[in-house]
Amino acid sequence: LPRTVNALINSQGIIQPESELNFLSELNSRVEWLSNKMEAGSSFKKGDTLIILDKRDYELALVSAESQVLNAKVNLEREQAESELAKKEWKRVGAGSGSDLALRKPQMAQAQATYAAAKASLEQAKRNLERTIFIAPFNGRVRSTRIELGTTVFPGTLLGNIYATNAYEIRLPIADQDVLFSGLEFNGQKIKKNKQPNVKIFKGDNEWTAKVIRTEAEIDPITKMMAVIAKIDNINEKMNTTPLAVGQFVQAKISGIEMKNIKVLPRSAVRNESVWVVDNEMMMQKRLVEVIRNESEFALIRDGFEVGDKLLISRVSSLVSGLKVTNKLR
């Protein structure tokens, strides 16, 4: 019977992290403490401390910066008092508006600038102290680590690479003949959430659900195919039961456009865009059919059947139009 079906597009790809981060040093320092969770392949939780650099020099710099701010503030307050006094004195003995120097305006501007610079230095000192500690921004795993306890690091030194495990991505190439049936625009844009196609990911007996979240706008120079990016939410992460792993090769079935009034037949029943049926008079007939597409073991047919036709499924020694049959039909 005719029914409504969604095109199923086969693809495959390699699991990749959705979020990945390089730990780079921004300071000249030494690795003072290194978590055992920073070993390659280890898992960690959001908020875990992974690396601590020697912070003593930066603690001293913070104390010095705080002292400079205090001194600059006192100097500014003193200059404000002297400026007010100069204004009053000028009003008492002076004539006219008075020069900037007489009213201590340059000194006041200098004190304000010194105070602002001291506060900026204090903020920089605070940030540098914070940069001595590397805290995990998400639940994840360590891909690689480049340091050991006691390693001296400099600005730009790569300390390690981590990635998030709450969600993965997979790049899925789409064959030319399947692009039309995907219903997607390959423009490199993100797809609205309510229009994201469903994807089934398979590896052995395991199955995961995913969503196509964006498309690519360029043809792959190696495969000459377009591609989509699917996102897999790692819903089993908290239970640590998912066998998903970065670098894993998996199969995928993408749900494409919806097609109505489609007959789904075994591909083995279709030969050269024709099928054998039994008509209302129980006679074998060969029908030319419109094959919309072939999917795995099935062929999707739109036109070609007549009312009362039944697909011939019994094996017969010869197929002859008009031959009377009595085998089982469907």
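Biologist: Which residue in β9 does Glu20 stand opposite?

Modeller: Tyr163 is the one facing Glu20 there. Before we go on: this is a predicted model, where local features need pLDDT of at least 70 and side-chain atom pairs count only at pLDDT 80 or more, while totals for chains, interfaces and linings use all residues. Residues are numbered from 1 along each chain as its sequence is written, and side-chain values use heavy atoms, with hydrogens and water left out.

Biologist: What makes β2 and β9 a pair?

Modeller: Two strands pair if DSSP finds at least two bridges between them. β2 and β9 have 5 bridges, in the antiparallel sense, so they pass.

Biologist: And what makes something a strand or a helix in the first place?

Modeller: Both are DSSP runs, numbered from the N terminus: E over at least two residues for a strand, H or I over at least four for a helix. By that rule the protein has 19 strands and 3 helices. β4 covers residues 43-44, so even that run meets the strand minimum of two.

Biologist: In what order do the strands of the sheet with β2 and β9 run?

Modeller: The order is β2-β9-β7-β4, an open antiparallel sheet of 4 strands. Along it, β7 and β9 share 5 bridges, with Ser144 opposite Asn161 of β9. β4 joins β7 (residues 140-145) through 2 bridges, and Ser43 faces Arg141 in β7. That count of 2 is exactly what "at least two" asks for, so β4 and β7 pair.

Biologist: Why are β2 and β4 called edges?

Modeller: Each has a single partner strand, so one side of β2 (20-24) and one side of β4 lack a neighbour in the sheet.

Biologist: Which strands make up the order of the open sheet that includes β6?

Modeller: That one goes β6-β5-β3-β8, 4 strands with antiparallel pairing. The edges here are β6 (133-135) and β8 (152-153), because each has a single partner strand. β5 (residues 49-53) meets β6 over 3 bridges, with Ile52 partnered to Ile133. In general, strands of a sheet pair through backbone hydrogen bonds, either parallel or antiparallel.

Biologist: Is Gly156 buried or exposed?

Modeller: Exposed means over 50% relative accessible area, buried under 20%, and partly exposed in between, with a 1.4 Å probe and protein chains only. Gly156 comes out at 53%, so it is exposed. This glycine sits in the loop between β8 and β9 (158-164).

Biologist: How do you know what Gly156 touches?

Modeller: A contact means heavy atoms within 4.5 Å. Leaving aside residues up to four places away in sequence, Gly156 touches Leu24 and Ser25. Gly156 and Leu27 are 129 residues apart in sequence and 8.2 Å apart in space, C-alpha to C-alpha. For the protein, 73% of the contacts with a separation of 6 or more are between residues 24 or more positions apart.

Biologist: What class does Asn261 get by accessibility?

Modeller: Asn261 has 55%, so it counts as exposed. This residue lies in strand β14 and has phi near 55 degrees, a positive value in a non-glycine residue. Ser296, in the loop between β17 (291-295) and β18 (298-301), also has a positive phi, near 50 degrees. At 42%, though, Ser296 counts as partly exposed.

Biologist: What makes a set of residues a nonpolar core?

Modeller: The members are buried Ala, Val, Leu, Ile, Met, Phe, Trp, Tyr and Cys residues, joined through side-chain atoms within 4.5 Å. The largest has 23 residues, and those with the most contacts inside it include Ile170, Leu172, Val199 and Ile254. Among the elements giving two or more residues to this core are β10 (167-174), β11 (198-203) and β14 (249-266). A second, separate core holds 16 residues, among them Val31 and Met38. Buried residues make up 36% of the 330 in the protein.

Biologist: How do you know that Arg293 sits over the ring of Phe181?

Modeller: The test wants NZ of Lys or CZ of Arg within 6 Å of the ring centre and within 35 degrees of the ring normal. Arg293 lies over the face of Phe181 at 4.6 Å from the ring centre, so the distance falls inside the cut-off.
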